[in-house]
Structures are given as structure tokens and as C-alpha cells.
Amino acid sequence: MTQKELHNQRLINEANHETLRFVTRRHFLKDSITGLGAMAFGSLLSGCDFWSSKGTGVNAFDSNNPLAAHPPMFPGKAKSVIYLHMAGAPSQLEMFDYKPDLMKLDGLECPQSLLEGKRFAFIRGVPKMLGPQAHFEQRGQSGAWVSDNLPHFATVADEVSFLKAVKTDQFNHAPAQLLMHTGGARLGRPSMGSWVSYGLGTENSNLPGFVVLTSGGKNPDAGKSVWGSGFLPSVYQGVQCRSEGDPVLFINNPEGIDKDIRKASIEAINKVNQQSYEEFKDPEILSRISQYEMAYKMQMSVPEAMDISDEPEYIHKMYGTKPGRTSFANNVLLARKLVEKGVRYVQLFDWGWDSHGTSPADCLEIGLINKCRSIDRPITALLLDLKQRGLLEETLVVWGGEFGRTPMQENRDGKEMPFKGRDHHAEAFTMWMAGGGIKKGFSYGETDEIGYSARSGKVEPNDIQATVLNQLGFDHEKFVYEFQGRPFRLTDVSGRVIREIVA
Amino acid sequence: MILLSISGFFGRFHPLLVHLPIGILLLGVVLHWLSRKQQFSTIRPAVSVTLLLGAISAVLSCISGWLLAAGGEYDATVLDRHRWMGIGVAVIAILYYVLYTERFSFRFHPALPYILSVALFILITFTGHLGGTLTHGEGYLTQDIGEPDDIKEVKKIIPNVQEAMLYNDIIQPVLQNKCYSCHGPSKQKGKLRLDSKETIAKGGEDGKVLVAGKSAESELYKRITLDLLEKKHMPPKGKSQPSEAEIALIHWWISTGASFNQPVKALPQNEKIKPLLIALQSDHLQPPSKPEVPEVPVAEAPAQAVNKLKEMGVTVVPVSTGSNYLSVNFLDSKKIGDNEVKLLEPLAPQLVWLKLGGTSVSDNAMATIGKLPVLIKLSLDNTGISDKGLAMLQSLSKLQYLNVVGVKITAQGLQSLKNLPELQTLYLYKTDINNADWLSLKQSFPKAVLDTGGYALPLLEGDTTLVTQNK
């Protein structure tokens, strides 16, 4: 018996022994009852046809290889997605939505008509209007308005389609982020990346299909649920990676354990799991097994994929990256590397866009400008780099926040603020999409003279999700997952593909 | 009045009642024919009962149908044929029953009930089909066989929009594409017909739909601009919706007087409408993209060949569910070389997208690649091929996308592909092409986009500094 087999044997024996140690007569009786219940429940579930692909139009969940590559419903333009989320909600009025008329109202009291029946997160009483705090110019052939806060991005404005009148119905960060990424403002639904990796699997079995990278010092307010798998098997949840230190926590072998022992342990654990799967038939156990296998494979491939130090110097110059740090720029470069290696969905969150005006870091005249500087070069480099590699055609890049910011200056608790800031605003804000079969140099939607609400071309988070799925080759109304007896969709019961921006 | 509305109410049951004679009479015919056989002789008593019930239900259907038809809304010619054929069904059914049961003592040929049964069968089929046409519209039965609705839409390209007639050339096509299927010659839901000047002016059962000069009061405009989720929104959810530009054009048409015979140039044009009008000349702002997958169906690729590739870790996926065309990705693996590429040969009729980027393939493999007749997208980035290999790709007549980023090819080598008819995008970053050659290359590939890459961003002060409070 080799050392490996011996080790396996020992682990299994120990596991069995541990289990048996806790079994008493009471357990037997209890188990008998729950066992009966489980059988009844199981037969109920089998009636629900849990794992069947009936009506979903996508391949069935294959528990042995849940991340195998699947075809979409129709040939999609995009093969992968890079979603750049500016957590905290960037101010559209200082970046893309130019409102000269708002300047004329600067410092005047907000008319009652805009306040009646509305609720704001922090504004109380009657706030004052606040003109644009940036200089705007029309850029490129498309004439899109981009402010001086984004001088690099202004040069590639002809590559993107702007959505100028996005509206959400949540004015707090966490629910608004959930709505943007899971299709619903409450917890428990799978995120867009999970849906995509469920639908398409991954072309690279050594890397996760859905990777999450965060920067800005904090995770998004909604926590890990924004990349959770909800009711989809948990193998589809986003894998959070770091651009500093170990890319995935605990992926390295513990001290004193070599690669073979680690492999043997994982095999043994999987064997135990396989046994309990055969006993209970809970598909989550299979997810577990494939996650262990994935973790082992990732030990080999992730450090390589996540290492940006092997990129040539001119690429670092282009993105403004410095290897070994956690920064948005590093994450953006990583995103390109991952997409190149076949990762389906890379989700970036950059925290620190919540420009209320309470401190230098979160005001429009200092903090926002610095945040803009931190993303301007990397996102521009990303678009150009994807383009020159022939990848922009098949990579959909989405940029946006969870909501926008008010045309009024924030007056927290009715008091004047030390810095210029704006409150959360759900009525209208700007997002953009590029690549992946989206029109170039196009702008859709319009807000009123002061950027308060959508006037035409209004789109909502579900419409954005429908469009992302459409570009990947899915009809958002037919891409469903049976759960608790009803087929669920990413876009729940609404959503419209924004055909206007599809090339 | 009450009498009228009760009769109308009864009429509404027609769509329910009609299914009874269809089912029962057809059952009666089947039972009648079966009962000829000795082994089914026991069902004989059931035949007359079934036929009687069928005849009664046919009469009831006729009555309810007549009342429903009185409400209008249907195409007159189809309705007329349906009406009289329906009555024919009822009459033949009664006759059939009477002859079958031999209630009368006059003599007739014993084959007569059988002839009647065949006639009844045919008549029911046609009457039912006409009924379906009335409710669901022309072509409902065959719409899944033919092309989907969207493709059928007519698109007129207008050479000079100012000379065009606003209604005939711009508005009418929109109405035809989005409204006629329910408010046109074959169907008039809500008694509204939008396919001529007279019928538009007449309006529907709720009154006029068009108030010239006042789009806000025109039901036609109000309905298309309601929220999609509202019940009164037109076209109903699920049907093809007019675009924003089309809605804006309808708004302009109504507010300028809803004229049916004026050219565009005679009407006042504001800044908003001008770009929309210009856009009509080119039909679309962006050129229509070519299909990424051939439209002709293909047989399935041999499973054995596919599995062989899959076992090596190569991704082989159909381009979409139900399609046999394949996308193959060799995934950046140095282990993949020319021998592995040979495995693609059996997939030649199906292979449309191929990624070989970062693999160890050489010029030899290009002989195999050159024999892939339907290949549309090909990535050879960061491989060791040369001009010699590139020349072997001349046979790829369907190729639209070629990625040779980081490949040692020259402008001369690339010239060998200049006759590829479909080539749209060429990615040439980090190749050995000299700057001096770009112009001649652009001339050789007039229809394609050549991306040379090498983009650099200038270093701005803001890239390295932060704004501070005391700036």
C-alpha cells in the first residue's frame, strides 16, 4: 500500500469513526423520522423535476462536470463579460450627463415640484441645486459629452454606447447593487455572473467561470450576495480573487504539507463526500466535490493567471499598473488576462464613489476627481488593449454604478455640508457598454434639463441584464431555472433587450 | 337593448361551443366506420347517440356563431365562407343522423351515410380552419413553418428623404410592420383598420384614433407611448415594438397635420426630426452585420472525432443549442501542435469558429485549416506560423475574422489573402508588417477593418497625482 493510499484509508476511517461516535439511540430514532421526511420531500422535489432542462432551453446541470462549456440559445456576439461596477454610485453629472441649465440654477432652492412625494437617503427639507462641478466637452465623432475628469476615456468615447437614462427603484446601496446584479433588490437570487456561468460553463476547466475582483478598500455594501449563486448550485457563485498576496485565500498548501499529500487529502475528502452523496443524493454535495477539484486545479493555474508581473512594461504603462498592490488598475489588467484565458464573467467592484460631501474623500471637488483619475487610464487601456488583441468584438464591457446622484446638493439632516456632494438618486443616471456586439459611438436616452429624471430612452436594471444575456446568446425570457416549482429568470418578470444599442 | 347584449353574450360562447361538434361529430364518424367491423360491433348503439349530440351541438354553434358575427370585427369574406360552411356542417350532420338511424321509410342507397360522413369530415376541417383564421389572423397555422415575423418586415430604403412622401414612404411602412396584423385587411381588432386613409379616419370602436395636429389627443400615438406593461399599450407586449425613431416620426406626422399626400420637404422640420429623417436614407446607421453562422443547416459532426478532441481538453461546443455548427477552442496550450490540429479534419463541414491562439501550431497545420470550408472566425494569435502558412488560408472563402496578433507575418504574406471575399476584420498587432506597408494593405483590403494595435496613452499629470484639499 502506497503512502497515498494509506493516507486515504486513514482519513476515511477517521471520518467514519467520528461520525459513528456521535450516533446514539436517539439519533437513530431521529434519523428514522427525518429520513422518512426526506424521502417524502425527495419525492416531492422529483415532481418538481429539479435538474431537468425542460423548458429552459439550456443544458441540464451535469453534476460531474457542472462547468462544462455549453452552447447558448442562439449564436451570441459576446463570449465573455467584464463588468466594471463603481460601488457607491458615481456622479453622472460630473462625468457624462452635461446639464448647462443646472449651472444657471446653481445655489437656488430646489423647486417643491421635484421634492413632492420623493424620498432621499439623506436630503431633508429644501436642498439647493448644484451645478456641474466639472468642465464638459463633446468628444470624438459621436459628440458624446465627457467631462475633463476622464481625459483618457474621452478619447475612446467613440467605442462605447452610453445609456443616459438608466433608472432604478432603490436608493440605498445594498438593495440597488442587488437589483443591478441579481435582478431583484432582495437577497437570495443568483447574480448575473452565476447565471452566465450556469448557462455557458467555462472554456477553461482550470479556472473558475466567474471571477470577482474588488478594490477601493471595501467590498460592496451588499456583500458577497452580489456575486452569490442564490438558488443555482453553489458551484456557479463568483470566486473572489485578490491582486495582492495569494490570489485566492488559502489556496496555497499549509505549512509542512506537500502537493501529493494535499492531492491525496482532497481525493479522500471527495470520496467521503461521494459516499454521502450516494446516501443523500443532495446535488450540493456534488458541487462541493467539484469545488474541491477546482480548488486543486486552481492551485496550479490561478497563481499564473493572476500574476500580472509577467506582462510587458508597455502594458503596465498603458494601464498604469503596479504589480503587487491592490488597485483598480491591477484588477482591470487581470480582467483582460482572465478573459483571454477563457473566464466567462469578470466582475470588478471599486469602492469609494459615494460622493456625499461629508469629507475630502467623498466630495465632488476632491474625492470624485481622484476616483476618476484612478479608473480613467485603466478603463481606456482596457478598451484599447482588448481591441488590439481582437477581443473587444467578443467581450462585452459594462460600466456603471448602482444608481446616480441628485442634481441638488446634499444637505444631510437639513444642514449645510463642509464639501460639495450629491445624494443618492434613483431616477436617472448614466452607464455605458462597449464591445460584444454593442454599437460604437452611440448614445441612448436623455434626461431633462437638470438631469433629474429620464425623458426618453429610459432603461432599468432588468433591461441591462436582458441586454447582457442577449449579447451572450440568451433570450432572457426563456433562460430559466426551475426552483421551488416555478421557473426563475434573471430578469424576473420584466426586462427588455435594449435593441437600440445592439449593433 | 338588453336582449341585444344577452345575444352578444351568448355569441361569445361560440369559440367554446364550436369545439363540441368538431370533436363529437368526428368521433361519430370514426365510430360509424369502426362499427362496420365485427370486432367493434358492440359500439354500434353509441353511433346514433354520438351523431345526435354532434348535430345538436353543431346547431348551437351555428346560432352562437351568427350572434358573434353580428358584432362585426371580422374579415367579411372569410366570415361569410365560415358562416355558410358552418351551417352546411349542421345540415349535413342532421341529415347524416337521420339517414343513419333510418327514421324515414324512403329508400336510399346504403352507401349514402358513408358518403355523407366523408363530406362532413372534409367540411368540418375547412370550417374549423376558417374559424381559426378569423380569430388568429391570416397565416397563423403556417407562421412557424415560414420565416419568423421580424424578418418578414418590409423595409423601404429612401434615396432622398426630402422628396419622399411622408405617409406613403415613411409612416405607412411602420404601420404595416407593427399594426396591420391586427388592424389590417385580415383582422380588425377593436373594429380598427389602419391600412387606408379612410379607415384610419374612421377610427375604431372607441372612436377616432387620429386628431390631426394633436398627437397628445390621438389614441394612435397615446397607445404606442404607454408603458409597455400597461394593458392598453399597443402593439401588445410580446409583439414587435416600434423603435423610438419610428415613434418620433409618427409624432411628427400627427403634429404636422397627419397629411396623407404631402412630401417631407413641405413640412416644418425641427432639430429633433432632421437626424431621424437623414437616418432613413441609409436605412440603418450602422451596416448590417453579416451572419456569424451559415444559414444552411448541416449534418451533425461525428461524435467520435468530437470526443477525441474533448478528451484532450479542447473545448468543442455547438454555436447554439440545436445547431450542428461548431466552435472549437484550443485554449492557449503549448502542448497543442500540428498533430492535434489534424483531428479537426472530420469536423470540416461544421467548424465555423476556431481558436488556436498561443498553441505550438506551425505552418504545417495551416494545410488542415485551409481545408475548413465554412470557417468564419480564426484566431492564430501568438503562434509560430509564417507567411508560408498564411498563404495556405487562401481557400477560406467564408472567413470574416482573422486574428494574427503577435505572429511573424509580413505585408507581402498578408497580400496572399486579399481575395478572400468575406474578410471583415484583421487583427495585425505585433506582426512584422512595416509602417510603410499600411497604405498598400488598406488598398488590398478595402472592405475590411485592419487593426494595427499599438495604442498608447499619453501620460497626463492626473495619472500620477491626486487632488488634495489645499490645491
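Biologist: Among contacts in chain B between residues at least 6 apart in sequence, what percentage join residues at least 24 apart?
Modeller: For chain B it is 62%. Two residues are in contact if their C-beta atoms, placed from the backbone, lie within 7 Å. In chain A, 77% of the contacts between residues at least 6 apart in sequence join residues at least 24 apart. One caution: this is a predicted model, where local features need pLDDT of at least 70 and side-chain atom pairs count only at pLDDT 80 or more, while totals for chains, interfaces and linings use all residues. Residues are numbered from 1 along each chain as its sequence is written, chains are lettered from A, and ligands are numbered from 1, both in the order in which they are written.

Biologist: How many helices and strands are in chain B?
Modeller: Helices (H or I, at least four residues) and strands (E, at least two) are DSSP runs, numbered from the N terminus. Chain B has 20 helices and 7 strands. Its radius of gyration, taken over C-alpha atoms, is 34 Å, so chain B is more spread out than a compact globule, for which the rule gives 23 Å at 471 residues. That rule is 2.2 Å times the number of residues to the power 0.38. The C-alpha atoms of chain B fill a box of roughly 105 × 70 × 50 Å along the principal axes.

Biologist: And what does the rule say for chain A?
Modeller: Chain A, with 503 residues, has 25 Å, which agrees with the value near 23 Å for a compact globule. Its C-alpha trace spans about 80 × 55 × 45 Å along the principal axes. Chain A holds 12 helices and 16 strands.

Biologist: What percentage of each chain is buried?
Modeller: A residue is buried if 20 or more other C-beta atoms lie within 10 Å of its own. In chain A, 53% of the residues are buried. In chain B, 31% are.

Biologist: What is the strand order in the open sheet of 8 strands in chain A?
Modeller: Strands pair if DSSP finds at least two bridges between them. The order is β6-β5-β7-β1-β8-β11-β4-β12, with mixed pairing. β6 (239–241) and β12 (442–444) of chain A stand at the edges with a single partner each, so one side of each has no neighbour in the sheet. From one strand to the next, the twist averages 20°. Helix α6 (192–200) of chain A packs on the sheet and touches β1, β5 and β7 of chain A. The direction of α6 makes about 170° with that of β7(A). Such angles run from 0 to 180 degrees between N-to-C directions, with axes fitted to C-alpha atoms, for helices over the stretch in contact.

Biologist: How many bridges join β1 to β7 in chain A?
Modeller: There are 7, and the two strands run parallel. Ile82(A) stands opposite Val346(A) in β7(A).

Biologist: Which domains does the assignment give for chain A?
Modeller: Domain bounds come from an automatic or database assignment. Chain A has domain 1 (1–48 + 260–302) and domain 2 (73–247 + 306–501). Their C-alpha centres lie 40 Å apart. The contact takes 11 residues from domain 1 and 10 from domain 2 of chain A. Helix α8 (283–305) of chain A gives the most to the domain 1 side, with 10 residues.

Biologist: How many residues of chain B are in contact with chain A?
Modeller: 35 residues of chain B are in contact with 37 of chain A. β1(B) gives the largest share of the chain B side, 3 residues. That side divides into 15 nonpolar, 14 polar and 6 charged residues. Here Ala, Val, Leu, Ile, Met, Phe, Trp, Tyr, Cys and Pro count as nonpolar, Asp, Glu, Lys and Arg as charged, and the others, Gly among them, as polar.

How values were computed. A residue is buried if 20 or more other C-beta atoms lie within 10 Å of its own, exposed if 12 or fewer, and partly exposed in between; C-beta atoms are placed from the backbone.
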